[in-house]
Amino acid sequence: MQVQITFRDMPPSETLAARIQTRISKLAKLCPQITSCHVTVDTPHRRPQKGRLFRVTLDVVLPDAEVAVSRDPGHDHGHEDAYVAVRDAFDALERRLHDHVALKRAAAAVALH
């Protein structure tokens, strides 16, 4: 699987990249058909009085589909922690991949009958 991790408007973090790699490995076990995964972590909102909010965007390519998730922090102060933002984005992507796999299984079952 081809993996790309991009940090935008922030310095790269080896520990955050390692956490992202761990979550990508988990995704690969869930859905071995994944051919590539692009992760972008950025800080789009600059707030002078408060901490930075992190946005995580995930784009996964499968042979038959592309699944994308973007977790914009809005006013979620939990996303002042990059690790929380990454967790939330990967959790959402896992739900979407579960749905995708379930739909494919259902379609295959219908095709057999």
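Okay, let's start with a question: is arginine 23 buried or exposed? Hold that thought for a second while I set the scene.

What you have up on the screen is a predicted model, so take everything I say as computed from that. The chain has 113 residues, and 35% of them count as buried. There are two helices and four strands, and if you walk along the sequence you get β-α-β-β-β-α. The C-alpha trace spans about 60 × 25 × 15 Å along its principal axes. On contacts: take the pairs of residues at least 6 apart in sequence, and 59% of those contacts join residues at least 24 apart.

Right, back to arginine 23. The answer is buried, because its relative accessible area is 13% and the cut-off is under 20%. Arginine 23 sits in helix H1. Who does it touch? Leaving out residues up to four places away in sequence, arginine 23 touches Arg87, Phe90, Asp91 and Glu94. With one of these there's a polar contact, side chain to side chain: arginine 23 to aspartate 91, at 2.8 Å.

Now look at glutamate 94, over in helix H2. Glutamate 94 counts as buried too, with 12% relative accessibility. Ignoring neighbours within four places in sequence, its contacts are Arg23, Lys26, Leu27 and Leu30. So if you're picking charged residues to click on in the viewer, arginine 23 at 13% and glutamate 94 at 12% are the pair I'd pull up, and they touch each other.

Let's zoom out to the helices themselves. How do H1 and H2 pack? H1 runs over residues 14–30 and H2 over residues 82–112, with an angle of about 10° between them and their axes 11 Å apart. An angle like that makes H1 roughly parallel to H2, because anything under 35 degrees goes in that bin. The crossing is right-handed.

As for who's in the contact, the H1 side includes Leu16, Arg19, Ile20, Ile24 and Leu27, and the H2 side includes Tyr83, Val86, Phe90, Leu93 and Leu97. Sort the contact residues by class and you get 11 nonpolar, two polar and six charged. Arginine 23 and Asp91, our polar pair, are both on that contact list.

Next stop, the strands. Which residue should we look at in strand E3? I picked valine 56, and E3 covers residues 53–62. Valine 56 is buried, with a relative accessible area of 0%. Its contacts, again leaving aside neighbours within four places in sequence, are Val39, Thr40, Val41, Val69, Ser70, Arg71, Ala85, Val86 and Ala89. Among those, Val86 turned up a minute ago as one of the H2 residues meeting H1. There's also a C-alpha distance to note here: valine 56 and aspartate 88 are 32 residues apart in sequence but 8.7 Å apart in space.

Last thing, one for the backbone people. Most residues other than glycine have a negative phi. Where is the residue I have in mind? It's aspartate 9, in the loop between strand E1 (2–8) and H1. Phi of aspartate 9 is near 60°, so a positive value in a residue that isn't glycine. And aspartate 9 is partly exposed, with a relative accessible area of 44%.

That's the tour. Happy to spin the model around if anyone wants another look.

Note on methods:
Residues numbered from 1 in each chain as written. Predicted model: local features only at pLDDT ≥ 70, side-chain atom pairs only at ≥ 80, totals over all residues. Heavy atoms only, no water. Axes fitted to C-alpha atoms, helices over the stretch in contact; angles between N-to-C directions. Parallel < 35°, antiparallel > 145°, perpendicular 65-115°, else oblique. Left-handed = near helix turned anticlockwise from the far one by under 90°. Contact = heavy atoms within 4.5 Å. Nonpolar A, V, L, I, M, F, W, Y, C, P; charged D, E, K, R; others polar. Buried < 20%, exposed > 50% of the residue type's maximum accessible area, 1.4 Å probe, protein only. Polar contact = N/O pair within 3.5 Å; in protein donor to acceptor, adjacent residues only side chain to side chain.
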